[in-house]
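I opened this entry to record what I looked up in the structure. I start with the whole chain and then turn to one helix.

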Amino acid sequence: MKKLLTFAFILATPVLGLAQKSKPDAATLLRDVKVLAADSMQGRLSGTEGNLMAQEYLLKRFQDLGLKPFGDTYKQHFRIDSRRAQVEQATNLIGYIPGKSDKVIVVTAHYDHVGQRNGDIYNGADDNASGVGALLAAAAHFTKHPPKHTIIFAALDGEELGLQGAKAFLDNPPVPLANILLNVNMDMLSINNKGELYASGAYHYPQLKPYLQKVKPRKHARLLLGHDNPAQGRDDWTGQSDHFRFHERGIPYVYFGVEDHPHYHKPSDDYENINPNFYPDAAALVIDFLELMDNHLHRLPARAQ
Ligand SMILES: [Zn+2]
């Protein structure tokens, strides 16, 4: 009998050790994108009224999800003073779910976009209301399935003005930088007619590759690896979004996003143009990867352990 039990345990263990298949709520994902990409948010440019409205919405979502703030607020204010722009007060929104360990995974998505130009509102539904919606879906998943690692969810400002929110986060991190084992950044998750979501970063951090390859395809979306080799020139996405600031500091990252499409940085990047089948499945792939990493990060060498 004892032998039998042992055998049953051995059989069951690998199953339990696998990531549970996440089921992000499609209706919630689509609603979040629709709200953030509404004309009333005026394109969410850093420092504008529309950006502030997006903040208000996200603060409410963070609260409702039960994310914990560091100190007494989710807000991290910072100044943008660059060649491209001056913004007196830009704002990252940062919440977390405590794990059993003080080692940290940082999930990021920028909520700002480029605002209005020549009377057109650039709603940025794909770029990057979609990434923020998926960040909220990941937070919802891990409130129901408590993680081993502490997971920080950071909706970042100022990406469109030069990855400024990620820089501010890392200049004044809410936890010691040495505790951050991984950044998972999402930027443009909702438009692709081939069902392809790219995971970029394994070229620099090959220890992550086996885990990315383990993420199973969903009905409407599957993961491809690439867009991270400097030899690819403009198709190398290493410097294209907030993950670059983590990479600069030697923190392993994976960036999830789609290839450019006709609505990229156009006034037509509207809610109506996102793909309502692909998007929830793309978000699910990212959450599956986060589950895998939460279970396996401790096995990785050097910093990513
Ligand atoms: Zn973007």
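Before counting elements I fixed the terms: helices are DSSP runs of H or I with at least four residues, strands are runs of E with at least two, and both are numbered from the N terminus. The model is a predicted one.

Elements. I counted eight helices and 10 strands in the chain.

Overall size. I compared the radius of gyration with the globule rule: a compact globule of 305 residues would have a value near 19 Å, and the chain has 19 Å, so the two agree. I also took the box along the principal axes, and the C-alpha atoms fill roughly 75 × 45 × 40 Å.

Burial and contacts. I found 55% of the 305 residues buried. Among contacts with a separation of 6 or more, 81% are between residues 24 or more positions apart.

Surface and charge. I noted an accessible surface of about 13,700 Å², with 53% of it belonging to carbon and sulfur atoms. I counted 33 positive and 34 negative side chains, and the centres of these two sets lie 10 Å apart.

Domain record. I looked up UniProt, where an unreviewed entry places "domain: Peptidase M28" at residues 92-288. Over that range I got 26% helix and 23% strand, with the end C-alpha atoms 25 Å apart.

Helix α5. Why do I call α5 (residues 164-171) largely enclosed by the rest of the structure? Six of its eight residues are buried, so the description follows. I listed the buried ones as Gln164, Gly165, Ala166, Ala168, Phe169 and Leu170. I then checked what these buried residues pack against: the strands β1 (75-81), β2 (86-97), β3 (104-110), β6 (150-156) and β7 (180-186), and the helix α7 (243-248).

Methods
Residues are numbered from 1 along each chain as its sequence is written. This is a predicted model: local features need pLDDT of at least 70, side-chain atom pairs count only at pLDDT 80 or more; totals for chains, interfaces and linings use all residues. Side-chain values use heavy atoms; hydrogens and water are left out. The radius of gyration is taken over C-alpha atoms; the globule rule is 2.2 Å times the number of residues to the power 0.38. Buried means under 20% relative accessible area, exposed over 50%, partly exposed in between (1.4 Å probe, protein chains only). Contact means heavy atoms within 4.5 Å. Accessible areas come from the Shrake-Rupley method with a 1.4 Å probe; for residues, only the protein chains shown count as cover. Lys and Arg count as positive and Asp and Glu as negative; His and the chain ends are not counted. The place of a charge is taken as NZ of Lys, CZ of Arg, CG of Asp or CD of Glu. UniProt positions are given in the numbering used here, feature names are shortened, and annotations may be inferred rather than shown by experiment.
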